[in-house]
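Okay, thanks for coming, everyone. I've got one structure to walk through today, so let me put it on the screen.

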Number of protein chains: 2
Amino acid sequence: MRIGELAERAGVSTRTLRYYESLGLLPEQRAANGYRVYGDDDLRLVEQIRVLQDFGFGLEETRPFVECLRSGHPTGDSCPASISVYRDKLAELDALIDRLRSVRDQVGAQLAEAEARLPEAPEPLCQMEGPRE
Amino acid sequence: MRIGELAERAGVSTRTLRYYESLGLLPEQRAANGYRVYGDDDLRLVEQIRVLQDFGFGLEETRPFVECLRSGHPTGDSCPASISVYRDKLAELDALIDRLRSVRDQVGAQLAEAEARLPEAPEPLCQMEGPRE
DNA sequence: CCTTGCCCTGACGTCGGCGTCAAGGTCTAT
DNA sequence: ATAGACCTTGACGCCGACGTCAGGGCAAGG
């Protein structure tokens, strides 16, 4: 399989695949004419990367998972290094969520306060009261 | 007050203040020698920007608040445009928090699953059982 | 031969919020 | 007069994950 097919099957651009390769996430296998050549296992690598990216992982954080897969393990998280990244991410997420909730509450309070100070025309579409015609 | 003093009082760099000015967030008042000149009300502008930034607002989102203050209102959120930004931000925060919670749960589930598949040496510091010496 | 469709490398652009350096002007104190 | 502390503009650098363009090669069909 060449890069275009892998890109389509994985739902990413060829540019993205070349970028992953430049980071060492994808192998550099080439055909005689210089074209990149991939197998089904490489599709699995890209899928693993995408799943983690959807979770908000940076590409560097996907590296342990990718290397785990490439070393023959059945899943990317079959290795201690991947587990460790999971744990770090969980802690990071918890901290972030807490911060965001705090911010949310503060913004909510500010909004309520500001609305209370500005109790003007919530419905500018109200009717005129003058005589009709 | 010149830019260095305002920067120190506001707890930001002079570069930051010039950047704000380039965005039109701060006024462009100059002394005869070309130096920027600020008043206490400008300190309030910067403080307003900083508070909102800590909440995760982008600089463009602080603009309504800044303009509200500059137009003479007692607080930056005394204007409808600011209220509107508050509302948008609240919705954005709620959506983000929901997404993050979902991700957190998924990552947590993946972690649990991976740990279950890899039930090896949780405590590598366990004692050896061979004969001593 | 020519087009079409794939592939290649290299390099600049994007977004936000500045940091940092360069090269110079201004004001104050000694 | 000169040092030192302040100020000015201009411009490049950074981070991440690519998008996009330029300029060219390879392979197959008509």
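Let me start with one atom pair. A polar side-chain atom of A:Arg15 sits 3.1 Å from a base oxygen of DNA strand D. Please keep in mind as we go that this is a predicted model.

So let's stay with DNA strand D. How many residues surround DNA strand D? There are 20 of them, and the closest are A:Ser13, A:Gln53, B:Gly4, B:Arg18 and B:Arg36. By class, that surface divides into 6 nonpolar, 7 polar and 7 charged residues. On the DNA side, if you take the atoms of strand D within 4 Å of the protein, 67% belong to sugar or phosphate, and the rest belong to bases.

Two of those closest residues have phosphate contacts I want to show you. For A:Ser13, an N or O atom in the side chain is 2.6 Å from a phosphate oxygen of DNA strand D. Over on the other chain, the side chain of B:Arg18 has an N or O atom 2.7 Å from a phosphate oxygen of DNA strand D.

Which elements supply the surface near strand D? At least two residues each come from helix H2 (14-22) and helix H3 (40-54) of chain A, and from helix H1 (3-10) and helix H2 (14-22) of chain B. The largest share is from H2(A), with 4 residues.

Since H2(A) came up, let's look at that helix by itself. The buried residues in H2(A) are A:Thr16, A:Leu17, A:Tyr20 and A:Glu21. Looking down the axis of H2(A), you see the buried residues fall within an arc of 140°, so they line one face of the helix. As background, an α-helix has 3.6 residues a turn, so residues three or four places apart point the same way. What do the buried residues of H2(A) pack against? They pack against H1, H3 and H4 of chain A. On the other side of H2(A), A:Arg15 and A:Ser22 are exposed, and A:Arg15 is the residue I opened with, the one with the base oxygen contact to strand D. Just after H2(A), A:Gly24 has a positive phi of about 85°.

Okay, now the other strand. DNA strand C has 20 residues around it, and A:Gly4, A:Arg18, A:Arg36, B:Ser13 and B:Tyr35 are the closest. Of the strand C atoms that come within 4 Å of the protein, sugar and phosphate account for 70%. The surface near strand C has 6 nonpolar, 7 polar and 7 charged residues.

For contacts here, a polar side-chain atom of B:Ser13 lies 2.6 Å from a phosphate oxygen of DNA strand C. In the side chain of B:Gln53, an N or O atom is 2.7 Å from a phosphate oxygen of strand C. B:Leu59 uses its backbone: a polar backbone atom there is 3.1 Å from a phosphate oxygen of strand C. The elements giving two or more residues to this surface are helix H1 (3-10) and H2 of chain A, plus H2 and helix H3 (40-54) of chain B. H2(B) gives the largest share, 4 residues.

Last stop, a loop. A:Ser78 is in the loop between helix H4 (59-70) and helix H5 (80-117) of chain A. Is A:Ser78 buried or exposed? Its relative accessibility is 14%, so A:Ser78 counts as buried. The A:Ser78 side chain makes a polar contact with the side chain of A:Thr75, at 2.6 Å. Leaving aside neighbours within four places in sequence, A:Ser78 is in contact with A:Cys68, A:His73, B:Arg117 and B:Leu118.

That's my tour, thanks.

Technical notes. Residues numbered from 1 in each chain as written. Chains lettered and ligands numbered in written order. Predicted model: local features only at pLDDT ≥ 70, side-chain atom pairs only at ≥ 80, totals over all residues. Heavy atoms only, no water. Near = heavy atom within 4 Å. Polar contact = N/O pair within 3.5 Å; in protein donor to acceptor, adjacent residues only side chain to side chain. Nonpolar A, V, L, I, M, F, W, Y, C, P; charged D, E, K, R; others polar. Buried < 20%, exposed > 50% of the residue type's maximum accessible area, 1.4 Å probe, protein only. Contact = heavy atoms within 4.5 Å. Arc of directions from axis to C-beta.
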